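Colleague: I should like to go through the reasoning behind some of the labels attached to this model. Please set each value against its criterion.

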Amino acid sequence: DLIECHGAGTPVGDATEVQSLCSLWGSKGWRPGQCAIGSVKSMIGHLLTAAGAAGMIKTLLALKEQVLPPSLNFERPPENSPLLNSPFRVQIETAPWPAHKGHRRRAAVSAFGFGGINGHILLEEWTGNDEHEAKVEPFLSPSGPQAVKTQDPVSDPKSSPPAVAIVGMAVSFGRGVSLPEFQDISFNGRSVIGDRPKGRWRSVSDLFDLPADTIPKWGGFMTHLKIGINEFRIPPKEIPDILPQHLLMLQVAADAMQDAGLSEVIERPNMGAVIGMDFDFEATNFHFRWALPALVRKWQKKHFPKMDEKAVDNWISDLLDTVAPPLTASRTLGALGGI
């Protein structure tokens, strides 16, 4: 009923997106203007890597309120636009979202990024009548993704979770940067836990020689990370700005593929990767940089109210460069931007 498009506002990009939707829907089985489309970017601009999340929030709210939300600044499609005589219409006014007999309200969200971060999600309203319905749960097999229907555990206590085949593994934990190294450390009773390397995280203790009680002193720290210059085809100028955690994530994923004997040059449209990762503390440096000017001025007014304004500005400038570099597109997208 509703598609939240990426809709970045570029003539080629928007036309390609609508043409792709037309190809997906086919040449029959629909009526002109049947499905509403729009983009939250018309209201809030482009949020880069958060654009998809913003579109999803908008669509979830539309489902909750049962309202088709509008897009701004659209009057009519240009000549030869794929919108003409298509299943889609740009929703330009707020309208009730009626329920259709036979199926629930459904929506889709698309997010495409200049860094290659492409995502799609399908949403369907929940009516509260699903407690004992059979549900489809995905699982992986050596032949590819499959699906099996299982009864709800509430009504079928004998049901068991679907099997998962582990076909490749890789690990990087502290100084154990490969499966053999990690195995050797574990089986011989050694530990990867050690002292925090000097200068690992910036803190006020580094600037003012204060005790750093809030900074972890022990952990499974890595001292180096080696990545081949051509391994992931990342532009060399972007590498210094990338969070090391992104590079480590790519390296471990590639090692797991190699362990499974998967060639990297064969297309596998039915294969995906699920990666769980913690938050990189280095990212907090940017937040500290943004908050620093206000904190400095508050402290200066309290302790040095007669300090020259130009001196305060110079002081803030020096502190900003000490804390962290400015946030750029490469640092925002990380290792995912270059590939």
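Colleague: What is the handedness of the crossing in which α7 passes α8?

Modeller: In this predicted model, the crossing of α7 past α8 is right-handed. A crossing receives that label if the near helix is turned clockwise from the far one by less than a right angle.

Colleague: What makes α7 roughly antiparallel to α8?

Modeller: The axes of α7 (residues 284–303) and α8 (residues 309–323) cross at roughly 155 degrees. Angles over 145 degrees count as roughly antiparallel, so α7 is described as roughly antiparallel to α8. The two axes also come within 10 Å.

Colleague: Which residues of α7 and α8 meet?

Modeller: On the α7 side they are N285, F288, R289, L292, P293, V296, R297, W299 and Q300. Their counterparts in α8 are E309, V312, D313, W315, I316, L319, L320, D321 and V323. Sorted by class, this contact has 11 nonpolar, 2 polar and 5 charged residues.

Colleague: How many aromatic pairs are counted?

Modeller: The count is 4 aromatic pairs. One of them joins W25 and F88. In addition, W299, F304 and W315 are linked into a cluster by ring pairs.

Colleague: Why is the pair of W25 and F88 called edge-to-face?

Modeller: The ring centres of W25 and F88 are 5.0 Å apart, and rings pair if their centres lie within 6.5 Å. The angle between the two planes is 70 degrees; planes over 60 degrees apart count as edge-to-face, so the label applies.

Colleague: What parts does this pair of W25 and F88 tie together?

Modeller: W25 belongs to helix α1 (residues 11–25) and F88 to strand β4 (residues 88–90), so the pair connects parts that are 63 residues apart in sequence.

Colleague: How do you know whether W25 and F88 are buried or exposed?

Modeller: F88 has a relative accessible area of 4%; buried means under 20%, so F88 is buried. W25 has 28%, which lies between the cut-offs of 20% and 50%, so W25 is partly exposed.

Colleague: What is the phi of Q66 and of N73, and where do these residues lie?

Modeller: Q66 has a positive phi of about 60 degrees although it is not a glycine, and its place is the loop between α3 (51–65) and β3 (67–68). N73, also not a glycine, has a positive phi of about 65 degrees and sits in the loop between β3 and β4.

Colleague: Why is N73 called exposed?

Modeller: The relative accessibility of N73 is 76%, and exposed means over 50%, so N73 qualifies. Q66, at 37%, is partly exposed.

Note on methods: Residues numbered from 1 in each chain as written. Predicted model: local features only at pLDDT ≥ 70, side-chain atom pairs only at ≥ 80, totals over all residues. Heavy atoms only, no water. Axes fitted to C-alpha atoms, helices over the stretch in contact; angles between N-to-C directions. Helix = DSSP H or I, 4+ residues; strand = E, 2+ residues; numbered from the N terminus. Parallel < 35°, antiparallel > 145°, perpendicular 65-115°, else oblique. Contact = heavy atoms within 4.5 Å. Nonpolar A, V, L, I, M, F, W, Y, C, P; charged D, E, K, R; others polar. Phe/Tyr/Trp six-rings, centres within 6.5 Å; stacked < 30°, edge-to-face > 60°. Buried < 20%, exposed > 50% of the residue type's maximum accessible area, 1.4 Å probe, protein only.
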